[in-house]
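Reader: Hi! I am new to reading protein structures, and I would like a close look at a single part. Could you walk me through it slowly?

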Protein chains: 2
Amino acid sequence: VRAERLVIIGGVAAGMSAASRARRLNPQMEVVVLEKGDYVSYGACGLAYFVSGVVPQAEDLVIYTPEYFRDQRGIYALTCHEALEILPAKKQVLVRRPDGETAPTDYDKLIITAGGAPDVEVPGADAPGVFRCNSLADAIALRAFLEERKPKRAVVIGGGYIGLEAAEALRRRGLEVSLLERSATLMEDLEPEIGQWVEERLRAHEVSAHLNSTVSAIDPAADGSLVVSYGQRQTLTADVAVVATGIVPRAELAARAEIELGASGAIRTDDRQQTNLPGIYAAGDCTETFHRVTGGAVYFPLGTTANKQGRVAGENAAGGNASFPGIVGTLVTKVFELEVAKSGLSWAGARAAGFQPEVVKVDSRSRARYLKGKPLRCTLVADRPSGRLLGAQLAGEEGAARRIDVVATALAAQMTVADFVHLDLGYAPPFGPVYDPLLVAAWQALKAIGRRR
Amino acid sequence: VRAERLVIIGGVAAGMSAASRARRLNPQMEVVVLEKGDYVSYGACGLAYFVSGVVPQAEDLVIYTPEYFRDQRGIYALTCHEALEILPAKKQVLVRRPDGETAPTDYDKLIITAGGAPDVEVPGADAPGVFRCNSLADAIALRAFLEERKPKRAVVIGGGYIGLEAAEALRRRGLEVSLLERSATLMEDLEPEIGQWVEERLRAHEVSAHLNSTVSAIDPAADGSLVVSYGQRQTLTADVAVVATGIVPRAELAARAEIELGASGAIRTDDRQQTNLPGIYAAGDCTETFHRVTGGAVYFPLGTTANKQGRVAGENAAGGNASFPGIVGTLVTKVFELEVAKSGLSWAGARAAGFQPEVVKVDSRSRARYLKGKPLRCTLVADRPSGRLLGAQLAGEEGAARRIDVVATALAAQMTVADFVHLDLGYAPPFGPVYDPLLVAAWQALKAIGRRR
């Protein structure tokens, strides 16, 4: 009997997780990964650290090479191989090889982990001196430009966590940095009380952030600089621009093969990561995922989710039976010294999802009173009728990032704030105040819910 | 109508939480706290920081004074007032006042928060130069001795977290420190892989720790030093000794009033913190509590638990209806630079509780590979037949303490390891590796369970 053949389209987080899991579960299976770029398996979340120079070499971000996968895991990870078409009726993928030739390859099972593509919507984003920071190739190009041309003024377009990390990286390299965000909020849905701390931190590091500032065009000037037009006829001149306006799912290939997409435009899967076509799975930034708080599908591309989904897809493609329960929308980042973390829904997000939310704010510190510590702020959102915890956000120089995981865990367990207040969280003076800020916030939320009911 | 009168015996964590909650819920209620010591409402968890000098003044540990409670909260917190007898038939407490006079005081509701007493079992522990570190008075006496007599050699008896913190405090003051622990394990039930790191850290700071070393006597020598006899006829000579062999519940007063005690010798209450006698509640270090993992009663005295139980007792005494769901056994501390954290059951504890546990160990780091970080170790225990998460322990210089709260939350929700592996924990390179060590441990536990079943 011929061995079953698993083809995976895309070799970053989801793809390599899927490949590894499938091979481990079914060592007879032939596993082939088609990656159109030069690298597989790199730490995409560390791109900003490579741009800033904290991570010296691009290779430092590469977790495993194709040789490693071949020799140690029996996986064929083919770089510079682009999947052009999926032909479900023939169980084939049409592939462009590095030599430019196009040929079909057979599969028994297929996993699509095509990732996300830059959400190109800024006119002029293809001008020289304009970069993205979504892939290792993007980051290498940007850093080469920074080192060779030594630009002085940078503009970052987009105030999500990628934009914030890019702004910090550029500032650390000594550039003057402006940041333009089209909405009124940084990081998509920060509560105003948390966003305010992020804005203050940017100001303290001389990054000028402009909210409500949609970019209408990037125009190259005669002297080689870039003129960025935004808002009501305002302009900024810069020597380098980074477009970080988010990503959209790479789902055209799937759509052309009549694989069903969700309302978000990303591939729809069930909780086993299977698409509407038998034997075809999808995972990572090209898919939707289930949001455990709203109970609906959401597009929330993130490396950790991609790894988990990839593992599930790999297990199922190899004949196992795994399921992915979904996400709760946890996101952490560092804005200079400030840790910023969120999980679940913001007040506005909860309203939009049909809840009747109450939001509370607590200002606390990262250590016991007599050990000083750093200011720590948290907000917490709960649903009035059900008493359910819906989300929380934290900011502070110490103790903010890891503390959000309590919220992520409680959201997965669908806890009420009445349950939450009695959590047996650890306490010692160097690690927090005796009344944990999250527990204080939950008490306040409980009170707010009672008052309004 | 006469206002209801609530009397509270004991004015530290549980007592003052109860008083504050009762007054807030029922501002008509007269609230009287009887505290036999000189202070109410102090940060008992910070005593070691006062001994070391990191916290300069004893007053820095005092959160609120009796005057504050009287003026701001309408609570009469009477220091140097010792409750001698509870007379439930008369609804009275017999009190010794500061002037030595004894008089009864009436109550409508009573809350016993008498705390814990040193587990005095070491012969000679009353010799001069031998101290405890359980109360603010203990810590003041110890520090005065250190500053006035300038002892050079210290011995700490007991390797629980109080003993470890005392050893560090003494070492930071420049003393030679030996630590004697009667059992084979530090911090009661550390897994060997975690305990080993704690022992290494003590060694690195020249604290010589001796396990399996029961102290049989402390004898004052002619020159004023102390000779500590332990193990098989071994001795240590020291100038100061700190006995940190744990505490036992102060429950005699309750027992004499025919208030029921549990098998642990601590006061038994229901989940509303009510004792077997109507109108009499108990909370804090004099009570047992429900362990949410074992499902049984346990004596696990801790300030955060005392605060929570006190609040529940105060609410119920004031006519409300609150309940305390119990603990999961979370404990964090810092041993020099090393954060040590545990929650739930150790492998041995799980066996003793009737589970069929598997334990796994994961060595990881506190940041993404390319940002270096510090070594981080975790162990995780799961139950084979049910797949339930039973506990975890963590050690490392960064990211250990707060990470345990994920485990505490998952234990409260009675998660299985199969649920746990899919938790949407936050990831960013400065805060952890892309595969969180706890999630990796849960995967390994899942595998270990599958293999054995």
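Which helix makes a right-handed β-α-β unit with β10(B) and β11(B)?

Author: Happy to help! That helix is α5 of chain B, residues 161-172, which makes the unit together with β10(B) and β11(B). Right-handed here means that, with the strands pointing away from the viewer, the path from the first strand over the helix to the second runs clockwise. Helices (H or I, at least four residues) and strands (E, at least two) are DSSP runs, numbered from the N terminus.

Before we go on, a word on the ground rules. This is a predicted model, where local features need pLDDT of at least 70 and side-chain atom pairs count only at pLDDT 80 or more, while totals for chains, interfaces and linings use all residues. Residues are numbered from 1 along each chain as its sequence is written, chains are lettered from A and ligands numbered from 1 in the order in which they are written, and side-chain values use heavy atoms, with hydrogens and water left out.

Now look at β10(B) itself, residues 153-157. Because 4 of its 5 residues are buried, the strand is largely enclosed by the rest of the structure. Buried means under 20% relative accessible area, exposed over 50%, and partly exposed in between (1.4 Å probe, protein chains only).

Which strands pair with β10(B)? One is β11(B), residues 176-180, which runs parallel to β10(B) and is joined to it by 5 bridges. Two strands pair if DSSP finds at least two bridges between them. You can find this pairing at Ala154(B), whose bridge partner in β11(B) is Val177(B). Another is β16(B), residues 240-243, also paired with β10(B) in the parallel sense, over 4 bridges. Here, look for Ile157(B), which has Val243(B) as its bridge partner.

For an antiparallel example, move along chain B to β25(B), residues 389-396, where 8 of the 8 residues are buried. Strand β24(B), residues 375-383, pairs with β25(B) in the antiparallel sense over 7 bridges, and Thr379(B) stands opposite Gln393(B) in β25(B). The hairpin of β24(B) and β25(B) has 5 residues between the strands, and Gly387(B) takes a positive phi near 75° there. Strand β22(B), residues 338-344, also runs antiparallel to β25(B), with 6 bridges joining them. In that pairing, Gly344(B) has Gly391(B) as its bridge partner.
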